[in-house]
Amino acid sequence: KCNLSGWWQNDLGSKMNLSTADSHGNFSGVYYTSVSSAQKPIEPSPLSGSQHLDEDECTFGFIVNWKFSDSIATFVGQCFSGDNGDEVLKTSWLLREKSNSLSSDWKATRIGNNTFTRV
Ligand code: BTN
């Protein structure tokens, strides 16, 4: 079935290590981002996620709570098996930064895509 556990690296060079999912499909992990918009030095940051268990090419989502930044990121994605059997995670993310005022809320959310392969 759909096994997300282990080490993954994305197109930016960020890495993450995911645990085995429990019977509900919930998993945890640690995210090592290669890039940051924060002022402080990058630190490994915990993530919490959930996946469908009943599909081979499953959908999943997770939240990263950055330890060095007051931002939060959410990722959603799907696992695919390529022609050569290599697994690929296609994801989209939202990165919410902390606004100092209601009037700057409009510019607080970034959106993007990342592709992960096994390290
Ligand atoms: C921050 O900049 O406040 C925290 C780090 C955010 C890293 C982002 S999350 C989406 C994108 N994909 C990555 O692997 N890193 C960046």
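**Exercise 1. Describe the surface and overall dimensions of the chain.**

Solution. The exposed area of the chain is about 7200 Å², of which carbon and sulfur atoms supply 51%. Accessible areas come from the Shrake-Rupley method with a 1.4 Å probe, and for residues only the protein chains shown count as cover. The model is predicted: local features need pLDDT of at least 70, side-chain atom pairs count only at pLDDT 80 or more, and totals for chains, interfaces and linings use all residues. Residues are numbered from 1 along each chain as its sequence is written, and side-chain values use heavy atoms, with hydrogens and water left out.

Next, take the dimensions. Along the principal axes, the C-alpha atoms fill a box of roughly 45 × 25 × 25 Å. A compact globule of 119 residues would have a radius of gyration near 14 Å, and the 15 Å of the chain agrees with this. That radius is taken over C-alpha atoms, and the globule rule is 2.2 Å times the number of residues to the power 0.38.

**Exercise 2. State which secondary structure elements the chain has, and in what order.**

Solution. The chain has 0 helices and 8 strands. Helices (H or I, at least four residues) and strands (E, at least two) are DSSP runs, numbered from the N terminus. Read from the N terminus, the order is β-β-β-β-β-β-β-β.

**Exercise 3. Identify the residues at the centre of contacts in the largest nonpolar core.**

Solution. Begin with burial: 34% of the 119 residues count as buried. Buried means under 20% relative accessible area, exposed over 50%, and partly exposed in between (1.4 Å probe, protein chains only). A nonpolar core is a set of buried Ala, Val, Leu, Ile, Met, Phe, Trp, Tyr and Cys residues joined through side-chain atoms within 4.5 Å.

The largest such core has 21 residues, and Met-16, Tyr-31 and Phe-62 touch the most other members. Two or more residues each come from β2 (15-18), β3 (26-32), β5 (59-65), β6 (72-81) and β7 (87-96).

Now look at one of these residues. Leaving out residues up to four places away in sequence, the contacts (heavy atoms within 4.5 Å) of Phe-62 include Met-16, Phe-27, Tyr-31, Leu-47 and Ser-48.

**Exercise 4. Decide whether Phe-68 is buried or exposed, and find what surrounds it.**

Solution. Phe-68 lies in the loop between β5 and β6. Phe-68 is buried because its relative accessible area is 5%. Beyond four places in sequence, Phe-68 is in contact with Thr-33, Ser-36, Ala-38, Lys-40, Pro-41, Ile-42, Glu-43 and Ser-45. The C-alpha atoms of Phe-68 and Pro-44 are 8.5 Å apart, with these positions 24 residues apart along the chain.

**Exercise 5. Place Ser-48 and Asp-86 and give their exposure.**

Solution. Ser-48 is in strand β4 (residues 45-51). With a relative accessible area of 48%, Ser-48 is partly exposed. Ser-48 touches Phe-27, Ser-28, Gly-61, Phe-62 and Ile-63, not counting residues up to four places away in sequence.

Asp-86 belongs to the loop between β6 and β7. Its relative accessible area is 45%, so Asp-86 is partly exposed. Under the same sequence exclusion, up to four places, Asp-86 touches Phe-80 and Ser-81. Asp-86 and Arg-118 are 32 residues apart in sequence, and their C-alpha atoms are 8.0 Å apart.
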